[in-house]
Each structure stands twice: as structure tokens, then as C-alpha cells.
Amino acid sequence: MAERRLTNMIRTLRFHAGEMTQAELGEKIGVTRQTVAAIEQGKYSPTLETAFRIADVFGVGLDEVFSWAEA
Amino acid sequence: MAFREKMAWLTLVTMLVAYGVYFGIVGPAVRFGEGRMLDIIWSFGLVATAHAIAVIIGAIAIAVTATKEAQAKADERDRAIARRGATIGYYVLIVGMILVGVVMPFSDPPWKIVNTALLAIVLAETVNNVVVLLSYRRGWHG
């Protein structure tokens, strides 16, 4: 079975949201800027609740933020 | 670097220096507690106090340079990383406690048992901090 990992479009979504900063996004979803950076870089897999919060901030569905792609 | 990562570095470095001196240099040289058990309290207590003071001063310095961040509550990633460090550190502590509580009483004098117990605590805390730092650096996918 091909190895898969969680990827995300947060950087792109932040850009389209008026170049929202990591700190601003972190404040909206209740995590630190470093945690947002870690999520973006694929260094941390957020909880389902935080994942939904991120999608909510950008007004998109969860599958538009995260995908389970082949590594 | 995250505030809590800096704190973990501070704790680890000061701990390695303080207890490295006790167990690596001073401890073996004078064999604390061999003659009088109370010597352990004076020697280890002194090192532990020096360590605590160094951590407090360092923590204040870190908090001053990162005021807003220092006030922020630990988020889910911080808590997950802290749990991971504590869990692995706990296993180290358990092994140490089995050694000093079950094995050593049959073969070693009290001062050795006490010093080994203190070493187990220091090792467990060191492992805890190393795991925390690795998790911040390399990532966490719990």
C-alpha cells in the first residue's frame, strides 16, 4: 500500500484571505503561531476540531483544506 | 522558536550542567552519603537549589523577551508534546525505581540507593525534555 500523508492548502488559503498571517489564523482558531506554522509545514497533524475550525475560518469544506495524499 | 521550546532548552541545559557536576564530577569524587547520609541532602540540595535559581532567572529572561507569547496558554500541540515527553520519561523513572526499590536493597548500601534514585529522577526528566525538544524540532504526528 502506498504511503500517504496529510497535506494542506493553508498557505494558499491564507493568501486568498488577504494574506492573513499565521498569528491571525492562530488567534482565530485558538492555537499559537508556531502551531499554525507546524501544521502548514506538515510537522503537526491537528485535531479534528482544529481542522474544522481552520476550514470554518476560510469558509470552505474540510476536504478543501486537507487531503490524504500519497507521499 | 516557541516559548515552551525555549523553556525546555533552558531546563535541559541547566539540568545537564547542574546534575552533570553532581553525578559526573563531585559525586564520584567525594562519594556523597557514604560516610554520612545527611551529606546527600547538603550536596544534592545545593545543586538542586542552584538549578532552580538558574531556571527561574532564565525563565524570567525568556518571558521578558517574549511577553505576549509567554502569556499564551499551551495549545493542543504543546499539550500533546508535553504528554509524549512525560509518558516516555515515566518509563525511564519506573525502570529506575524498580532498580532502587527491588534490586539494589539486596546488594547496595543506602547512600548508593539514594543517589541512584536521584539519578533516575534526573534521567527521567532529561529524557522528558529531550523528547519535547525533538517533537518541536522534527514534528509531532500523534
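## Inside a two-chain predicted model

Set aside the residues up to four places off in sequence, and Ile29(A) still has contacts with Thr50(A), Arg53(A), Ile54(A) and Val57(A). That little cluster is a good way into this model, which is a predicted one.

**Helix 2 against helix 4 in chain A**

Those contacts of Ile29(A) belong to a helix pair. Helix 2 of chain A (residues 22–29) packs on helix 4 of chain A (residues 48–58) with the axes 9 Å apart and an angle of about 115° between them. The crossing of helix 2 over helix 4 in chain A is right-handed. Who does the touching? From helix 2 of chain A come Leu25(A), Lys28(A) and Ile29(A), while helix 4 of chain A puts in Thr50(A), Arg53(A), Ile54(A) and Val57(A). Sorted by type, the residues of this contact are four nonpolar, one polar and two charged.

**The nonpolar core**

Some of these names come back in the largest nonpolar core, which has 10 residues in all: Ile10(A), Leu25(A), Ile29(A), Val31(A), Val36(A), Ala38(A), Ile39(A), Tyr44(A), Ile54(A) and Val65(A). Helix 2 and helix 3 of chain A each bring at least two residues to this core, and helix 3 of chain A gives the largest share, three residues. As a rule for soluble globular proteins, nonpolar side chains tend to be buried together.

**The strand pair**

Now for the strands of chain A. Strand 1 (residues 4–8) and strand 2 of chain A run antiparallel and are joined by five bridges. Across the pair, Leu6(A) sits opposite Trp68(A) of strand 2. How many of the five residues in strand 2 (residues 66–70) of chain A are buried? The count is zero, so by the 20-neighbour cut-off for burial this strand is hardly covered.

Ala69(A) is part of strand 2 of chain A, and Ala69(A) is classed as exposed because 11 other C-beta atoms lie within 10 Å. The C-alpha atoms of Ala69(A) and Arg4(A) are separated by 5.3 Å, though the two residues are 65 residues apart along the chain. Beyond the four nearest places in sequence on either side, the contacts of Ala69(A) are Arg4(A), Arg5(A) and Thr7(A).

**Two more spots in chain A**

Glu19(A) is in the loop that links helix 1 (10–16) to helix 2 of chain A. Its backbone is worth a look: Glu19(A) has a positive phi of about 55° and yet is not a glycine. Is Glu19(A) buried or exposed? Glu19(A) counts as exposed, because it has 8 C-beta neighbours inside 10 Å.

Leu62(A) belongs to helix 5 (residues 62–65) of chain A. Since it has 13 other C-beta atoms within 10 Å, Leu62(A) is partly exposed. Leaving out residues up to four places away in sequence, Leu62(A) touches Ala51(A), Phe52(A) and Ala55(A). From Leu62(A) to Thr32(A), 30 residues apart along the chain, the C-alpha separation is 21 Å.

**Where the chains meet**

On the chain A side, 11 residues are in contact with eight residues of chain B. Helix 3 (residues 33–40) of chain A supplies the largest share of that side, three residues. By type, the chain A residues touching chain B are three nonpolar, seven polar and one charged.

**Chain B**

What makes up the secondary structure of chain B? There are five helices and zero strands, and the order from the N terminus is α-α-α-α-α. The C-alpha trace of chain B spans about 50 × 30 × 20 Å along its principal axes. Of the 142 residues in chain B, 21% are buried. Among contacts in chain B with a separation of 6 or more, 81% are between residues 24 or more positions apart.

Ala54(B) is a residue of helix 2 (residues 38–65) of chain B. With 17 C-beta neighbours inside 10 Å, Ala54(B) is therefore counted as partly exposed. Ala54(B) and Glu76(B) are 22 residues apart in sequence, and their C-alpha atoms are 28 Å apart.

Here are the neighbour counts side by side:

| Residue | C-beta neighbours inside 10 Å | Class |
|---|---|---|
| Glu19(A) | 8 | exposed |
| Ala69(A) | 11 | exposed |
| Leu62(A) | 13 | partly exposed |
| Ala54(B) | 17 | partly exposed |

Conventions: Residues are numbered from 1 along each chain as its sequence is written. Chains are lettered from A and ligands numbered from 1 in the order in which they are written. This is a predicted model: local features need pLDDT of at least 70, side-chain atom pairs count only at pLDDT 80 or more; totals for chains, interfaces and linings use all residues. A residue is buried if 20 or more other C-beta atoms lie within 10 Å of its own, exposed if 12 or fewer, and partly exposed in between; C-beta atoms are placed from the backbone. Helices (H or I, at least four residues) and strands (E, at least two) are DSSP runs, numbered from the N terminus. Two strands pair if DSSP finds at least two bridges between them. Two residues are in contact if their C-beta atoms, placed from the backbone, lie within 7 Å. Ala, Val, Leu, Ile, Met, Phe, Trp, Tyr, Cys and Pro count as nonpolar, Asp, Glu, Lys and Arg as charged, and the others, Gly among them, as polar. Axes are lines fitted to C-alpha atoms, for helices over the stretch in contact, and angles run from 0 to 180 degrees between N-to-C directions. A crossing is left-handed if the near helix is turned anticlockwise from the far one by less than a right angle, and right-handed if clockwise. A nonpolar core is a set of buried Ala, Val, Leu, Ile, Met, Phe, Trp, Tyr and Cys residues joined through C-beta atoms within 7 Å.
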